[in-house]
Amino acid sequence: MLWKSADYTGWGRVLTATGEVARPERQATLAAALDDALAPAMGMRRSYGDAALNDGGRAIDMTRLDRMLDFDPETGILTVEAGARVGEIAAAFGPKGWLPAVMPGTGFATVGGCIGQDVHGKNHHHAGSFCEHVTAITLRTAKGIVEVTPEKNAALFRATAGGLGQTGVILKAKMRLTPCKGDVMVVTERRMTDWDDFIAHLDMSQATYTVGWIDATAKGAALGRGILEEGETGSGLMPTKIKRRKVPLDAPNFALSSPIVRMFNNAYYRRVPEKGRTVVRPISDFFFPLDKIHDWNRLYGKRGFHQFQCVVPLDQAPALREMLAEIAGSGLASPLAVLKRMGPGRAGYLSFPMEGYTLAVDFPNRAAARELIKHMQARAAEVGGRIYFAKDSLARAEEIPAMYPELDLWRKEVAKADPDGALQTDIVRRLKLRGAK
Amino acid sequence: MNRTWIILGATSSMARAFARAVAETGAGVLLAGRDVEDMAALATDCRLRGAALAEVVAFDARKPEGFAGIVARMEQEEGELNAAVFVGSMPPQAEIDADPSLIDGTVTDSFTGPARFLQLLAPVMEARGGGTVVGVASVAGDRGRIGNYVYGAAKAGFATYLSGLRNRLTRAGGHVVTVKPGFVDTSMTWGLPGMFLVASPEKVAEDILKAVRKKKNVIYTPFFWRFIMLIIIHIPEFIFKKMKI
């Protein structure tokens, strides 16, 4: 049967939806379903909140339309179906000397999802965002199939890049791969002793790939300590078969209680020797560290979790430090916390990146954590920053226009591409992204 | 060594996963089925994943006149020739009850069609002294049940055929793996009620390739279906006939 009634959730497992879901395996089946009625598409549902949810409506699961359709070694341009996963592309092309130009923190993300969120990677400061390397998108809009390119229909492209699937169902895309030396990473890991040390190193770093793990529980003089990882691709021999693990059951709530997290973070920090070290790792290990544990979101237990991620302009680093101090003081954070410097690259009206510093921290879903995140979101907005739709499940509609100054331009294009609002999802309704209706 | 696999019914979820897994080993794949356009997409995918050759051939289990041409195409490839059979059709039992003529098609798709094809291929494999046939049967063929006994009967027939073919090819250095999948997460089972312990097509493909490497005779995938079916097979008929499972 084509449609089945399903309960599904975002990656954070806090927000849920119930509705009819189809999972076509052939383009012809998808076309028939969409001819019947346009419906929003979803991929692997790695967005934490409700970006991939359509409660009470229909949704198309694109994960079985995941084939690589063409590759031109002259230009490095790969054509794929929207459900193709970034990690599979990296696994197929890494050994041949090519990688997706931008890879998000999980290889399970689909190309369609990466476009819909205009995701960024550990090389954002050099390479920009995902959609800056997308040369064409085949889109099924209310009016039929349109080929969207940055040159041919720039406004529609900018509305589709990071556009949360609201301009149409992404069927296929052409993306530029970037040459790499091979499928291993040479990674330098260094301890960052405090916030100023961390920021200074992020500002100095010339590495192609940079990411910082930050201890969001360290306070006082140790505030902002963490580990800076700088990576370059390399060639060599490395066991590529990575043992994948599963989380057999929802973890009990005390697993992420404050003393345990503090202890874990301390050990994690000291894992890297004081003088730093250089290690060689499989490519997937560096780019998608958590993918080894298949359903790690279950570690947060039944209640689920939230991720707060914001970016603030370069000159607002002190404000971000204050925010981190509040988070550390609350004792609510989980070990998963990331600090990174972003470049200016963004491809769409609603793209998240801006030149500045981005902080991402996970929190188990507790009332106090929700309040703290809401407070942080307001703080980010005050200092000219913004929050990330791929992570959010707590923001309020009135905060968005100030964070996303091009929202009206996006709305105009979306109104043309989907006049009936058939593609609306839960996040679009919650944040009133498409306007007052 | 040069290896080529023909994959019959290449548009099915399991066949697609198997074709990709084979492609990643560097072997050649000939994708055989009815939806040529869909298979063309899979063919480029297989090539980009490392297949030495990936080509589409039109195959319809109900049109045996085309079989000789396909076998001839396979013979053009040097080295080891292998076949994986994923074809089959499962109309709901209620539709068959209303229109018994559907039985012919079900048996052709799931048993006699692929058997006639393999019958043409077997002498070629014997002449080359090796190769493996993977035949996908079903746990539904282990015991007839009210829910799908025509499909089950066809798959049981195919399983018995495979057993005989194994007996034949073994003498010439070849091998036959009979695969009995339990519930697999495919477009055929999407939304069906009563599914449990569902396996992904990728997991099934991995199990099949492992069975090919280890020259297993009959595998259940996932493995625990062997025990589930062991119990079901041993329920006395006077009880079983009153059950609805």
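In this predicted model, residues 223–240 of chain B are 78% helix and 0% strand, and the C-alpha atoms at the two ends of the span sit 23 Å apart. The stretch was picked out because UniProt, in an unreviewed entry, marks residues 223–240 of chain B as a "transmembrane region".

Chain B also touches chain A. The contact draws on 13 residues from chain B and eleven residues from chain A. On the chain B side, the biggest share comes from helix 2 (residues 36–48), which puts in six residues. By type, the chain B residues that touch chain A are a mixed bag: four nonpolar, five polar and four charged.

Turning to chain A, its fold is built with 13 helices and 18 strands. The radius of gyration comes out at 21 Å, close to the 22 Å given by the globule rule for 437 residues, so chain A is as compact as a globular protein of that length. Measured out along the principal axes, its C-alpha trace spans about 60 × 50 × 45 Å. Of the 437 residues in chain A, 53% are buried. As for contacts in chain A between residues at least 6 apart in sequence, 76% link residues at least 24 apart.

One part of chain A carries a domain label: an unreviewed UniProt entry lists residues 13–180 as "domain: FAD-binding PCMH-type". Across residues 13–180 of chain A, helix accounts for 21% and strand for 30%, with the end C-alpha atoms 36 Å apart.

Technical notes:
Residues are numbered from 1 along each chain as its sequence is written. Chains are lettered from A and ligands numbered from 1 in the order in which they are written. This is a predicted model: local features need pLDDT of at least 70, side-chain atom pairs count only at pLDDT 80 or more; totals for chains, interfaces and linings use all residues. Two residues are in contact if their C-beta atoms, placed from the backbone, lie within 7 Å. Helices (H or I, at least four residues) and strands (E, at least two) are DSSP runs, numbered from the N terminus. Ala, Val, Leu, Ile, Met, Phe, Trp, Tyr, Cys and Pro count as nonpolar, Asp, Glu, Lys and Arg as charged, and the others, Gly among them, as polar. The radius of gyration is taken over C-alpha atoms; the globule rule is 2.2 Å times the number of residues to the power 0.38. A residue is buried if 20 or more other C-beta atoms lie within 10 Å of its own, exposed if 12 or fewer, and partly exposed in between; C-beta atoms are placed from the backbone.
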